[in-house]
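Here are a few friendly exercises, each with a worked solution. Try each task by yourself before you read on.

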Amino acid sequence: MGAFFSFRKFIFPSLVKVVYWLGLIGIAVGVLFVVVGGIYASNNPYVTNGGAYAVGAVIGGLIGGAILVVVWRVIVELWLVLFSIHDVLVEIRESR
């Protein structure tokens with residue numbers, strides 16, 4: 001418990017899968033809102049070219065979601081690299 005409060009041991013590496021999946025769920029919900037919102041807006045009589053707007057929202061939402069998934073994966077991997085660098089530095093310090 002002392003290592004937890006002194007920040008000698010990080011908890012993020014053990015929670016990384018949970019954080020990653022929560023991010024993926026957030027991205028999926030965002031894409032769903034964009035797609036459903038685009039389709040809903042196509043039925044709005046005040047929106048000109050509603051069909052084109054719906055198609056653009058669906059395609060843009062799916063492409064944007066795919067890009068966000070890749071970006072999110074890279075961000076999480078960068079976090080893991082930073083923590084692994086810390087672990088290696090601690091090993092170097094302790095070996096002296």
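Helices here are DSSP runs of H or I with at least four residues, numbered from the N terminus. Please keep in mind that this is a predicted model.

**Exercise 1. Place Ala 52 in the structure, and decide whether Ala 52 is buried or exposed.**

Solution.
- Step 1: Look for the helix that spans residues 50-95; this is α3, and Ala 52 belongs to it.
- Step 2: Recall the cut-off, which is over 50% relative accessible area for an exposed residue.
- Step 3: Ala 52 has a relative accessibility of 53%, so Ala 52 counts as exposed.
- Step 4: For a sense of distance, go to Ile 39, 13 residues away from Ala 52 in sequence; their C-alpha atoms are 9.9 Å apart.

**Exercise 2. Do the same for Ala 57, then find which residues Ala 57 is in contact with, leaving aside neighbours within four places in sequence.**

Solution.
- Step 1: Ala 57 also has its place in helix α3.
- Step 2: The cut-off for buried is under 20%. Ala 57 has a relative accessible area of 12%, so Ala 57 is buried.
- Step 3: With the neighbours within four places set aside, the contacts of Ala 57 are Val 34, Val 35 and Gly 38.
- Step 4: Leu 15, by contrast, is 34 Å from Ala 57, C-alpha to C-alpha, and 42 residues away in sequence.

**Exercise 3. Work out how the axes of α2 and α3 are arranged.**

Solution.
- Step 1: Helix α2 covers residues 12-42, and its axis comes within 8 Å of the axis of α3.
- Step 2: The two axes cross at roughly 170°.
- Step 3: Angles over 145 degrees count as roughly antiparallel, and α2 and α3 are therefore roughly antiparallel to each other.
- Step 4: Now sort the residues of this contact: 24 are nonpolar, seven are polar and one is charged.

**Exercise 4. Find the largest nonpolar core, and say which element gives the largest share of its residues.**

Solution.
- Step 1: Mark the ten residues of this core: Phe 12, Val 16, Tyr 20, Leu 24, Ile 27, Val 31, Val 35, Trp 72, Val 76 and Phe 83.
- Step 2: The elements that contribute two or more residues are α2 and α3.
- Step 3: The largest share comes from α2, with seven residues.
- Step 4: Zoom in on Phe 12. Not counting residues up to four places away in sequence, Phe 12 touches Val 19, Trp 79 and Phe 83.

As background, nonpolar side chains tend to be buried together in soluble globular proteins.

**Exercise 5. How many salt bridges does a search of the whole structure find, and which residues form a salt bridge with closest N and O atoms 2.7 Å apart?**

Solution.
- Step 1: The search finds one salt bridge.
- Step 2: Arg 73 pairs with Glu 77, and their closest N and O atoms are 2.7 Å apart.
- Step 3: Arg 73 and Glu 77 are four residues apart in helix α3, so about one helical turn separates them.
- Step 4: Arg 73 is partly exposed at 41% relative accessibility, and Glu 77 is partly exposed with 39%.

**Exercise 6. Is Ser 14 buried or exposed, and how far is Ser 14 from Ile 59 in space?**

Solution.
- Step 1: Ser 14 is found in helix α2.
- Step 2: With a relative accessible area of 60%, Ser 14 is exposed.
- Step 3: Ser 14 and Ile 59 are 45 residues apart along the chain, and 36 Å separates their C-alpha atoms.

How values were computed: Residues are numbered from 1 along each chain as its sequence is written. This is a predicted model: local features need pLDDT of at least 70, side-chain atom pairs count only at pLDDT 80 or more; totals for chains, interfaces and linings use all residues. Side-chain values use heavy atoms; hydrogens and water are left out. Buried means under 20% relative accessible area, exposed over 50%, partly exposed in between (1.4 Å probe, protein chains only). A salt bridge is a side-chain nitrogen of Lys or Arg within 4 Å of a carboxyl oxygen of Asp or Glu. Axes are lines fitted to C-alpha atoms, for helices over the stretch in contact, and angles run from 0 to 180 degrees between N-to-C directions. Angles under 35 degrees count as roughly parallel, over 145 as roughly antiparallel, 65 to 115 as roughly perpendicular and the rest as oblique. Ala, Val, Leu, Ile, Met, Phe, Trp, Tyr, Cys and Pro count as nonpolar, Asp, Glu, Lys and Arg as charged, and the others, Gly among them, as polar. A nonpolar core is a set of buried Ala, Val, Leu, Ile, Met, Phe, Trp, Tyr and Cys residues joined through side-chain atoms within 4.5 Å. Contact means heavy atoms within 4.5 Å.
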